[in-house]
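Q: I have a protein model open and would like to go through it step by step. Could we begin with the cysteines?

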Amino acid sequence: MAAARSIASALGLAVDDAVVLRNSNKLAVRLLPCDVLARVARLGQEVARLEIELAQRLAGTGAPVAALEPRVAPRAYERDGFAVTLWSYYPAVAPGEIAPADYASALGRLHAGMRRLDVGTPHFTDRVAEAQQLIASRDQTPALADTDRALIGDMLRNLRRTIADRGAAEQLLHGEPHPGNVLGAKTGPVFIDLETCCRGPIEFDLAHVPEAVSDLYPDADRDLLAECRGLVLAMIAAWRWDAGDQFPNGAQVGRDLVGTLRKGPPWRSMF
């Protein structure tokens, strides 16, 4: 918070107060009275350059993404071991406040804008591989029981192969367009947290949204979506068992997800 306030003040923005909006792997802080959203990460744990490039280029396509703060240069600012990016502030949206039809429409427009970009990003299987590495390391996931480790590891390996073998059309994706990464703007929903962007089938993105939203998304492969839901649940379970995870109530979420995975399909969206 101190780094965010100091950087914003040095840039000429009025900062008398800071309100924490989210504190997990990154810190999201609303700076007042300038009304700027500061996203703070430890140096080396951010991909701010890619996120800023994507935000600028997607805005040029008319895609519904959060805007960078227009009063300062669009870049990552470094101070005291932190990387800080500055964004326009949008009011928080409570669960259920965005109508499923509006959510699905916004995601469709985001995907349409992403199809127009040629940007180097990881493949969705690279993100799966990161989860597999966590599960394979007892040092990183020391509290995970061997039977649960085998369950998550098998699901990650098998569903990764099954989905890839389908050979479905792929494109640039948000990576995690769940409700926590959707904000309300006067013009409609906007997406944030573009650092998770990757390439893959649109069903991988749809696995992160409520079912009432994915049901309204046109031309989705329902069988592929079901497999992607199982894969996403296994990935999230792996992250929650990471000893360094800072997700609020993450340990309980990890235990609940193991129980869900053990019951087997059909898997429902957790969002």
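Q: Which cysteine sulfur is closest to the one in cysteine 198, and how far away is it?
A: In this predicted model, the closest cysteine sulfur to that of cysteine 198 belongs to cysteine 197, at 7.3 Å. That is too far for a bond, because a disulfide requires the two sulfur atoms to be within 2.5 Å.

Q: And how many disulfides are there in the whole structure?
A: A search of the whole structure finds 0 disulfides.

Q: Is cysteine 198 buried or exposed?
A: Cysteine 198 counts as buried, with a relative accessibility of 0%. Cysteine 197 is buried too, and its relative accessible area is 2%. The cut-off for buried is under 20%.

Q: Where is glycine 200?
A: Glycine 200 belongs to strand β9, which covers residues 198-200. Its relative accessibility is 0%, so glycine 200 counts as buried.

Q: What does glycine 200 touch?
A: Leaving aside residues up to four places away in sequence, glycine 200 touches Phe124, Ala169, Glu170, Gln171 and Leu173.

Q: How far is glycine 200 from alanine 10?
A: Their C-alpha atoms are separated by 40 Å. Along the chain, glycine 200 and alanine 10 are 190 residues apart.

Q: Let us change topic. How many helices and strands does the protein chain have?
A: The protein chain has 9 helices and 9 strands.

Q: Why is the chain said to be as compact as a globular protein of that length?
A: The radius of gyration is 19 Å, and the globule rule gives 18 Å for 271 residues. The two values are close, so the chain is as compact as a globular protein of that length.

Q: What box do the C-alpha atoms fill?
A: Taken along the principal axes, the box is roughly 55 × 40 × 35 Å.

Q: What share of the residues is buried?
A: Of the 271 residues, 51% count as buried. The accessible surface of the chain comes to about 12,700 Å², and carbon and sulfur atoms account for 50% of that surface.

Q: What share of the contacts is between residues 24 or more positions apart?
A: Among contacts with a separation of 6 or more, 68% are between residues 24 or more positions apart.

Q: What about the charges: how far apart are their mean positions?
A: The chain has 30 positive and 34 negative charges, and their mean positions are 1 Å apart.

Q: Now the backbone. Which residues does a cis peptide bond join?
A: One cis peptide bond joins leucine 32 and proline 33, with omega at about 5 degrees. Proline 33 is found in strand β2, residues 27-33. Another cis peptide bond joins proline 265 and proline 266, where omega is also about 5 degrees. Proline 266 is in the segment after α9.

Q: Which residues have a positive phi without being glycine?
A: Aspartate 80 is one of them, with a phi of about 55 degrees. Aspartate 219 is another, with phi near 65 degrees.

Q: Where are they, and are they buried or exposed?
A: Aspartate 80 lies in the loop between β4 (77-79) and β5 (82-88), and is exposed with a relative accessible area of 64%. Aspartate 219 is in the loop between α7 (211-214) and α8 (222-240). Aspartate 219 is exposed as well, at 76%.

Q: Going further along, where is alanine 243?
A: Alanine 243 is in the loop between α8 and α9. At 55% relative accessibility, alanine 243 counts as exposed, since the cut-off for exposed is over 50%.

Q: What does alanine 243 touch?
A: Alanine 243 touches Gln140 and Pro142, not counting residues up to four places away in sequence. Alanine 243 and arginine 138 are 105 residues apart in sequence, while their C-alpha atoms are 9.7 Å apart.

Q: One last residue: which helix holds threonine 260?
A: Threonine 260 lies in helix α9, residues 250-263. With a relative accessible area of 33%, threonine 260 is partly exposed.

Q: And which residues does threonine 260 touch?
A: Not counting residues up to four places away in sequence, threonine 260 touches Leu233 and Trp267. From threonine 260 to leucine 233 the C-alpha distance is 8.5 Å, and the two are 27 residues apart in sequence.

Note on methods:
Residues are numbered from 1 along each chain as its sequence is written. This is a predicted model: local features need pLDDT of at least 70, side-chain atom pairs count only at pLDDT 80 or more; totals for chains, interfaces and linings use all residues. Side-chain values use heavy atoms; hydrogens and water are left out. Helices (H or I, at least four residues) and strands (E, at least two) are DSSP runs, numbered from the N terminus. The radius of gyration is taken over C-alpha atoms; the globule rule is 2.2 Å times the number of residues to the power 0.38. Buried means under 20% relative accessible area, exposed over 50%, partly exposed in between (1.4 Å probe, protein chains only). Contact means heavy atoms within 4.5 Å. Accessible areas come from the Shrake-Rupley method with a 1.4 Å probe; for residues, only the protein chains shown count as cover. Lys and Arg count as positive and Asp and Glu as negative; His and the chain ends are not counted. The place of a charge is taken as NZ of Lys, CZ of Arg, CG of Asp or CD of Glu.
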